[in-house]
Amino acid sequence: MPETNPGLSIGQVSEHTGLSVHALRFYEREGILVAPVRRGPSGRRVYSDRDVEWLHLCVNLRASGMPLPAIRQYADLVRRGAGNEEHLLTLLRQHRDQVTAQIEQLTESLGMVTHKVSAYTEQLAEGATGPITCTAPQSS
């Protein structure tokens, strides 16, 4: 993919990714980025489109609950290049399984909350006063 952007400052990348300037520096220090960030003539960081794409991926992985050490491991495998596909796939499958389990737990919790909202709404519509009680939904 050809580079279409001459480079973005750390502040611009912060705006594009939602990461703070501090987080961007931290990610660089911790080896989360796949390639070293270029430096301009003044010594300031100059980010490429690829850097920003990678950071968007990292933001999504973090949002899905992937810990930083796993993202660092993922970045290291990508840096190593061809021949690491099985390791990358294993890492991503493990994370996918964790996210799936988390979604299942959240779905169950959402069901409980939805049941409570429905029961309380119904009791209030019937004119309930005082403490409102609600039993757990029946499992099917």
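A search of the whole structure finds two aromatic pairs, where rings of Phe, Tyr and Trp (its six-membered ring) pair if their centres lie within 6.5 Å, and planes under 30 degrees apart count as stacked, over 60 as edge-to-face and the rest as tilted. The structure is a predicted model, in which local features need pLDDT of at least 70 and side-chain atom pairs count only at pLDDT 80 or more, while totals for chains, interfaces and linings use all residues. Residues are numbered from 1 along each chain as its sequence is written, and side-chain values use heavy atoms, with hydrogens and water left out.

## The aromatic pairs

A pair of aromatic rings is described by the distance of the centres and the angle of the planes. Both values are given below for each pair.

| Pair | Centre to centre | Angle between the planes | Class |
|---|---|---|---|
| Phe-26 and Tyr-27 | 6.5 Å | 55° | tilted |
| Trp-54 and Tyr-74 | 5.6 Å | 10° | stacked |

In the tilted pair, Phe-26 is partly exposed, with a relative accessible area of 25%, whereas Tyr-27 has 6% relative accessibility and therefore counts as buried. These words follow fixed cut-offs: buried means under 20% relative accessible area, exposed over 50%, and partly exposed in between (1.4 Å probe, protein chains only). In the stacked pair, Trp-54 and Tyr-74 are both buried. That pair links distant parts of the chain, with Trp-54 in helix α3 (residues 49–63) and Tyr-74 in helix α4, 20 residues apart.

## Overall build of the chain

The chain contains five helices and two strands, which are DSSP runs numbered from the N terminus (helices H or I, at least four residues; strands E, at least two). Read along the sequence, these elements follow the pattern α-α-β-β-α-α-α. The C-alpha trace spans about 70 × 35 × 25 Å along its principal axes. The radius of gyration of the chain is 23 Å, whereas a compact globule of 140 residues would have a value near 14 Å; this radius is taken over C-alpha atoms, and the globule rule is 2.2 Å times the number of residues to the power 0.38.

Of the 140 residues of the chain, 28% count as buried. Among contacts (heavy atoms within 4.5 Å) between residues at least 6 apart in sequence, 49% join residues at least 24 apart.

The UniProt record, an unreviewed entry, carries the annotation "domain: HTH merR-type" for residues 7–77; such annotations may be inferred rather than shown by experiment, and their positions are given here in the numbering of this model, with feature names shortened. Within the model, the span of residues 7–77 is 59% helix and 6% strand, and its end C-alpha atoms lie 25 Å apart.

## The nonpolar core

The largest nonpolar core has 25 residues, and those with the most contacts inside it are Val-13, Leu-24, Tyr-27, Tyr-47, Leu-55 and Ile-71. A core of this kind is a set of buried Ala, Val, Leu, Ile, Met, Phe, Trp, Tyr and Cys residues joined through side-chain atoms within 4.5 Å. Helices α1 (10–17), α2 (21–29), α3, α4 and α5 (85–125) each supply at least two residues of this core, and α4 gives the most to it, with six residues. Not counting residues up to four places away in sequence, Val-13 touches Leu-8, Gly-18, Leu-24, Tyr-47, Val-52 and Leu-55.

## Three residues in detail

Ala-75 is found in helix α4 and counts as buried because its relative accessibility is 0%. Beyond residues up to four places away in sequence, Ala-75 touches Gly-31, Ile-32, Leu-33 and Trp-54. Ala-75 and Val-34 are 41 residues apart in sequence, yet their C-alpha atoms are 5.4 Å apart in space.

Arg-79 is found in helix α4 (residues 68–80) and, at 37% relative accessibility, counts as partly exposed. Leaving aside its neighbours within four places in sequence, Arg-79 is in contact with Gly-31, Leu-33, Val-34 and Arg-72. The C-alpha atoms of Arg-79 and Leu-33 are separated by 9.1 Å, with their positions 46 residues apart along the chain.

Val-37 is found in the loop between α2 and β1 (38–39), and its relative accessibility of 7% is why Val-37 counts as buried. Not counting residues up to four places away in sequence, Val-37 touches Glu-28, Arg-45, Val-46 and Tyr-47. The C-alpha atoms of Val-37 and Arg-62, 25 residues apart along the chain, are separated by 20 Å.
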